[in-house]
Amino acid sequence: MMRNKLVLLFLLVGVNIFAQTTSVKVAPKLVLFININELQTDHFLALKHKFGKNGFNRLLDEGTLYTNAQYGTFSSFHGSKRSTLLTGAYPSDHGIISDKWYNRYGKDSESAFQFTGTDNIAHPDSGDFSSSKNKLATICDELELFTRNQSKIASIGINPADVVFNTGHKYSNMFWFDRTTGEMITQGKDTLPEWANKYNSHGFPAKNINNLWGPSTDIRSYHEYLGDHKTEIRHFLYQLKQEGNTPFDRFSGSPEINTVLRDFSVAMLLNEAYGKDEYTDFVSINFTCKPKVLKGSKNSLLCAEQEDMLLRLDQEIASLLKVIESQIGTEHTLIMLTSTPSQRYMPEQMKAQGMEGGSFNGKKISALLNLYLMALHGQGKWVLGYHDRQFYLNHDLIKKEGLKSSDLRDEASEFLLDVAGIDKTISGSLLRTNTYTHGLFKEMQDSYAYNRSGDIMISLLSGWSEEVDLSGQKVESINHNIKVPLIFWGSDIKHGAIYRKVEMVDVAATLSALMQIPISEGNIGEPLHEVLSH
């Protein structure tokens with residue numbers, strides 16, 4: 001009773017604009033956060049007629065869909081986007097500006113999170129988390145604080161980078177896939193629960209690793225082959241087993257991995273009795289629709305392999321919903337589904353349509369910029385580093401030579417504006433001293449964190465992409481924000497489709513209201529009233 005009174009007070013103070021249409025709902029017993037790497041709203045538009053009625057279409061037809069949700073963050077790093085979603089703040093405040101950044105004080109790069117492997121060569125996925133650089137509390141941190149650790153929190157995904165940014169600052173109940181053994185594992189210092197050991201004992205991945213992956217239906221019906229094509233249809237058939245220390249690596253980027261994650265999640269929900277008491281539990285599952293078998297231009301907006309992964313994932317979602325409905329009840333469950341995409345059309349596709357496009361190599365441009373500054377000021381390493389569209393200058397050398405940092409920033413910016421593919425540049429000093437209220441510079445400012453961000457940030461022209469190395473994975477990243485789907489389903493959520501642009505910083509505030517817990521400090525979002533209203 002006291003809890004409901006407190007929450008009513010929060011809602012009256014913070015959400016009074018919706019007083020005519022909003023009433024306090026019963027908090028869900030289970031919140032299930034489903035993230036799908038590389039899923040885009042366009043995929044739902046293209047494939048809705050192919051999905052079954054009990055998977056994605058059930059969420060779309062019964063829940064509230066926001067078709068144009070945007071993170072407003074500048075980095076390609078998925079962890080930066082998920083930190084924004086779960087804290088309700090931008091990278092300028094939570095600090096996860098990318099997977100790593102240049103540390104001016106340590107004179108080296110610093111990672112967004114620390115994962116120490118037990119044997120990085122023979123067993124790269126086994127290890128321990130030590131620290132996260134997220135400066136703010138997440139919705140999961142706030143939930144545990146409010147219920148005094150009575151709520152159960154868990155995160156399940158393909159790799160450590162998936163799971164660590166999907167919950168909070170505690171590193172318990174995190175499970176990911178081991179590409180060496182094909183088992184689901186947790187931190188090296190932690191012991192797997194008995195149900196997880198039993199799941200691993202069945203060896204489902206090992207039994208399926210020799211399978212071949214081909215189309216699940218007629219290849220000619222796939223979206224890649226719409227229209228009048230003069231080229232021959234590209235059939236595909238892939239071996240999943242891979243040579244080397246990580247034989248399950250290709251497996252982890254195929255439809256099989258989503259089946260593993262679904263099965264493991266169901267085993268955890270049932271064995272750990274999630275959603276069975278009065279305290280709200282929070283589970284995140286990180287699926288993927290990004291094939292690992294592809295290289296180059298084939299890995300586009302919706303190639304046949306990606307469509308096949310989504311068609312099969314639709315069946316996994318349907319199965320998961322069925323279990324939740326029978327074991328927990330839709331009236332006690334809230335599902336929030338979204339994605340973290342980083343790419344759209346590749347430069348080759350843009351050029352084929354007569355549009356401008358190209359690939360940008362930041363490290364090469366960093367070397368050219370250093371040569372240019374040496375021509376102006378003499379020998380030295382004037383550019384200390386480049387990462388994720390940010391250039392870091394050598395302030396020690398600038399000071400030693402008696403130069404002004406502002407002069408070198410201006411010289412570097414003028415040089416970079418003449419580089420093919422670069423659209424705009426802006427210095428960190430301008431982002432610190434000015435206020436931008438809309439457009440690209442606002443996105444840059446929202447993603448700028450002092451002592452972590454570079455001296456100069458750049459944006460790329462439309463149609464250009466950059467191959468970036470994020471947490472050991474090569475990603476062909478586009479320049480601007482991509483609209484993503486955001487779905488709320490269950491727990492008295494009404495059906496509707498919202499087409500206006502919404503910001504992902506609003507998700508945490510919305511979940512706080514639905515879970516009936518305080519909004520965390522640092523959260524700047526506003527609850528989405530369509531989800532809260534009856």
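Here are some notes on how the helices and strands of this predicted model fit together.

1. **Overall make-up.** The chain has 534 residues, and 58% of them are buried. It holds 19 helices and 22 strands. Among contacts with a separation of 6 or more, 72% are between residues 24 or more positions apart.

2. **The nine-stranded sheet.** A good place to start browsing is the open sheet, whose nine strands follow the order β9-β8-β7-β12-β1-β13-β21-β2-β22 with mixed pairing. The edges are taken by β9 (184-185) and β22 (496-503). Each of these two has a single partner strand, so one side of each has no neighbour in the sheet.

3. **Inside that sheet.** Strand β1 (residues 30-37) runs parallel to strand β13 (residues 333-340), and eight bridges join the two. If you want a landmark for the register, Phe33 stands opposite Met336 in β13. Helix α10 packs on the sheet, where it touches β1, β7 (153-157), β8 (174-177), β9 and β12 (281-288). The direction of α10 makes about 165° with that of β12.

4. **Helices α10 and α11.** How are two packed helices described? The angle between their axes and the distance between the axes are what is used. For α10 (residues 255-271) and α11 (residues 304-327), the angle is about 10° and the axes lie 9 Å apart. With that angle, α10 is roughly parallel to α11. On the α10 side, the contact is made by Pro255, Asn258, Thr259, Arg262, Val266, Leu269 and Leu270. On the α11 side, the residues include Asp308, Met309, Arg312, Leu313 and Glu316, and also Leu320, Val323 and Ile324. By class, the residues of this contact are nine nonpolar, four polar and four charged.

5. **Helices α13 and α15.** This pair is arranged at another angle: the axes of α13 (residues 362-377) and α15 (residues 405-417) cross at roughly 125° and come within 10 Å. The two helices are therefore oblique to each other, and the crossing of α13 past α15 is right-handed. From α13, the residues Ile365, Leu368, Leu369, Tyr372, Leu373, Leu376 and His377 meet Leu408, Glu411, Ala412, Phe415 and Leu416 of α15. The residues of this contact divide into 10 nonpolar, one polar and one charged.

6. **The β15-β16 hairpin.** Strands β15 (residues 383-386) and β16 (residues 390-393) pair in the antiparallel sense over three bridges. One bridge partner to look up is Leu393 in β16, which is matched with Val383. The two strands form a hairpin, with three residues between them.

7. **Two backbone angles worth a look.** Which residue in the turn of the hairpin has a positive phi? That is Asp388, with a phi of about 55°, although Asp388 is not a glycine. Asn149 is likewise not a glycine, and has a positive phi of about 65°. Asn149 sits in the loop between α6 (139-146) and β7, while Asp388 belongs to the loop between β15 and β16.

8. **Surroundings of those two residues.** Are Asp388 and Asn149 buried or partly exposed? Asp388 has a relative accessibility of 3% and so counts as buried, the cut-off being under 20%. Asn149 has a relative accessible area of 47%, which makes this residue partly exposed.

Notes
Residues numbered from 1 in each chain as written. Predicted model: local features only at pLDDT ≥ 70, side-chain atom pairs only at ≥ 80, totals over all residues. Heavy atoms only, no water. Axes fitted to C-alpha atoms, helices over the stretch in contact; angles between N-to-C directions. Helix = DSSP H or I, 4+ residues; strand = E, 2+ residues; numbered from the N terminus. Parallel < 35°, antiparallel > 145°, perpendicular 65-115°, else oblique. Contact = heavy atoms within 4.5 Å. Nonpolar A, V, L, I, M, F, W, Y, C, P; charged D, E, K, R; others polar. Pairing = 2+ DSSP bridges. Left-handed = near helix turned anticlockwise from the far one by under 90°. Buried < 20%, exposed > 50% of the residue type's maximum accessible area, 1.4 Å probe, protein only.
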